[in-house]
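Here is a friendly walk through one chain, going helix by helix and then on to a pair of helices that pack together. Have the viewer open as you read.

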Amino acid sequence: MQIGELSARTGLSRDTLRFYEKRGLLRARRSDNGYRDYPPEAVRWLGYVRMAQGLGFSLAEIEADLPRVTEAQPAATADELQAVLARKLQEIDARIAGLQGLRAELLAQLQAPQPACPLQGLQVEVPA
């Protein structure tokens with residue numbers, strides 16, 4: 001299928017499809033007239049990429065870590081995918097814990113008695 005049809009079927013712009021192709025996330029054959037020709041499974045793959053982005057994966061993580069969806073070995077792909085998702089969950093939990101610590105620190109600062117202005121009397125040198 002050509003880029004216009006793939007764009008219509010996935011809801012992704014042509015520019016996004018070209019960008020994904022440039023990054024290696026999407027492959028197209030070139031027909032004799034130079035048009036991109038995408039295989040039918042590109043629609044499914046792009047849905048997978050979009051789902052991964054929705055789960056918080058960056059394009060770099062998708063390129064490096066997420067297994068290609070294959071129907072040839074679905075069990076192996078499922079095991080790989082479970083491992084990647086478990087690592088992502090651990091990363092998110094660590095970020096949440098860090099944010100909770102930051103929140104507690106900010107709350108303590110807000111609740112502590114403060115001078116009139118914490119910046120009052122601060123000496124700042126301005127370069128000439």
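Let us start with helix α2, which covers residues 14-23 and has L17, Y20 and E21 as its buried residues. Looking down the axis of α2, these buried residues fall within an arc of 100 degrees, so they line one face of the helix. On the face turned away from that buried side, α2 carries the exposed residues D15 and K22. The cover over the buried residues of α2 includes α1 (3-10), β2 (36-37), α3 (41-54) and α4 (59-64). Just after α2 comes G24, with a positive phi of about 95 degrees.

A word on the source before going further: this is a predicted model.

**The chain as a whole**

The chain holds five helices and two strands. Read from the N terminus, its elements follow the order α-α-β-β-α-α-α. There are 128 residues in the chain, and buried residues make up 22% of them. If you count contacts between residues at least 6 apart in sequence, 48% of these join residues at least 24 apart. The chain exposes about 9,500 Å², and carbon and sulfur atoms supply 55% of that area.

**Helix α1 and its partner**

In α1, the buried residues include I3, L6 and S7. Seen down the axis of α1, its buried residues fall within an arc of 100 degrees, so they line one face of this helix. They pack against α2, β2 and α3. Right after α1, G11 takes a positive phi of about 80 degrees.

How do α1 and α2 sit relative to each other? Two packed helices are described by the angle between their axes and the distance between the axes. For α1 and α2, the axes come within 9 Å and cross at roughly 105 degrees. An angle of 65 to 115 degrees counts as roughly perpendicular, and α1 and α2 are therefore roughly perpendicular to each other. The residues that meet are I3, G4, L6 and S7 from α1, and R14, L17 and R18 from α2.

**Helix α3**

The buried residues of α3 are A42, V43, W45, L46, Y48, V49 and A52. Does the length of α3 agree or disagree with what 1.5 Å a residue should span? The expected span is 1.5 Å times one less than the number of residues. The 14 residues of α3 should therefore span 20 Å, and its end C-alpha atoms are 20 Å apart, which agrees. α3 is followed by G56, whose phi is positive, near 100 degrees.

The glycines with positive phi met so far can be set side by side:

| Glycine | Helix it follows | Phi |
|---|---|---|
| G11 | α1 | about 80 degrees |
| G24 | α2 | about 95 degrees |
| G56 | α3 | near 100 degrees |

**Two residues further along**

A60 belongs to helix α4. Is A60 buried or partly exposed? Partly exposed means a relative accessible area between 20% and 50%, so A60, at 42% relative accessibility, counts as partly exposed. A60 and R23 are 37 residues apart in sequence, while their C-alpha atoms are 9.2 Å apart in space.

T77 is found in helix α5, which takes in residues 74-111. Buried means under 20% relative accessible area, and T77 is buried because its relative accessible area is 12%. T77 and L66 are eleven residues apart in sequence and 9.2 Å apart in space, taken from C-alpha to C-alpha.

Definitions and conventions
Residues numbered from 1 in each chain as written. Predicted model: local features only at pLDDT ≥ 70, side-chain atom pairs only at ≥ 80, totals over all residues. Heavy atoms only, no water. Buried < 20%, exposed > 50% of the residue type's maximum accessible area, 1.4 Å probe, protein only. Helix = DSSP H or I, 4+ residues; strand = E, 2+ residues; numbered from the N terminus. Arc of directions from axis to C-beta. Contact = heavy atoms within 4.5 Å. Areas by Shrake-Rupley, 256 points an atom, 1.4 Å probe, with all protein chains shown as cover. Axes fitted to C-alpha atoms, helices over the stretch in contact; angles between N-to-C directions. Parallel < 35°, antiparallel > 145°, perpendicular 65-115°, else oblique.
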